[in-house]
Amino acid sequence: MARPLLAIAFWLAVWQGASLVVGMWGYWYFEGLTWLDAFLNAAMLLGGMGPLESPRTTGGKIFAGGYALYSGMVVLVAAGVLLAPVLHRFLHRFHLESRGER
């Protein structure tokens, strides 16, 4: 159980890391933020908190809106994929699976 869960966690971390790099690039390219500020804004969105600086350019606003929607999906999917095997094991452990009527 632990080994497959670690593999899933590894690939989710890779996905989130790649998403963070894309977010950093977008804030750097569209808004002209420093890499540190771009990291902070992208990390805050991926963490579900929201950006610290409001976008000023049209491209930055479009990017920030799209990245915010994408980041929310990343957080929800990652949590679901990581928790599904744990909850499944819990249900089986305590015999809480649904039983068909006979």
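Just after helix α1, G32 takes a positive phi of about 70°, and this residue of a predicted model is a convenient place from which to look back along the helix that precedes it. Helix α1 has 30 residues and reaches 42 Å from its first C-alpha to its last, which is close to the 44 Å expected at 1.5 Å a residue. Along α1, the buried residues are L12, S19, L20, G23, M24, G26, Y27 and E31, and what covers them includes α2 and α3.

Two of these buried residues show how the covering is made. G23 lies in helix α1 and counts as buried because its relative accessibility is 0%; once residues up to four places away in sequence are set aside, G23 touches A42, F63 and Y67. Between G23 and L45, which are 22 residues apart in sequence, the C-alpha to C-alpha distance is 8.8 Å. L20, for its part, touches F39, A42, A43, L46 and Y67, again not counting residues up to four places away in sequence, so that A42 and Y67 appear among the contacts of L20 as well as among those of G23, where contact means heavy atoms within 4.5 Å.

W25 offers another view of helix α1, in which it is placed. With a relative accessible area of 41%, W25 is partly exposed, because that value falls between the 20% under which a residue is buried and the 50% over which it is exposed. Apart from residues up to four places away in sequence, W25 touches F30 and W35, and its C-alpha atom is separated by 7.4 Å from that of A38, although the two residues are 13 residues apart along the chain.

From these local views one can turn to the interior. The largest nonpolar core is made up of 12 residues in all, namely L20, M24, Y27, L33, A38, A42, L45, L46, F63, A64, Y67 and V74. At least two residues of this core are supplied by each of α1 (2–31), α2 (35–46) and α3 (58–93). S71, whose place is in helix α3, counts as buried because its relative accessibility is 0%; leaving aside neighbours within four places in sequence, S71 is in contact with L45 and L46, both of which are members of the largest nonpolar core.

The loop between α2 and α3 contains G50, which is buried because its relative accessible area is 16%, a value under the 20% that sets the limit for burial. Apart from neighbours within four places in sequence, G50 is in contact with M44 and L45. The C-alpha atoms of G50 and I62, by contrast, are separated by 15 Å, with the two residues 12 residues apart along the chain.

Finally, there is the matter of enclosed space. The structure holds 1 cavity of 30 Å³ or more, and about 30 Å³ of space lies in the largest cavity. The lining of this cavity is formed by Y27, E31, L33, E53, S54, P55 and R56, and these residues divide into 3 nonpolar, 1 polar and 3 charged. Y27 and L33 belong to the lining and also to the largest nonpolar core, while Y27 and E31, both named in the lining, are among the buried residues of α1.

Conventions. Residues are numbered from 1 along each chain as its sequence is written. This is a predicted model: local features need pLDDT of at least 70, side-chain atom pairs count only at pLDDT 80 or more; totals for chains, interfaces and linings use all residues. Side-chain values use heavy atoms; hydrogens and water are left out. A nonpolar core is a set of buried Ala, Val, Leu, Ile, Met, Phe, Trp, Tyr and Cys residues joined through side-chain atoms within 4.5 Å. Buried means under 20% relative accessible area, exposed over 50%, partly exposed in between (1.4 Å probe, protein chains only). Helices (H or I, at least four residues) and strands (E, at least two) are DSSP runs, numbered from the N terminus. On a 1 Å grid over the protein atoms alone, a cavity is a set of points where a 1.4 Å probe fits but cannot get out, and a pocket is an open set with protein on both sides within 12 Å along at least five of seven lines; lining residues have an atom within 4 Å of a point. Grid points are joined across faces, edges and corners, and a volume is the space filled by probe spheres set on the points. Ala, Val, Leu, Ile, Met, Phe, Trp, Tyr, Cys and Pro count as nonpolar, Asp, Glu, Lys and Arg as charged, and the others, Gly among them, as polar. The expected span of a helix is 1.5 Å times one less than its number of residues.
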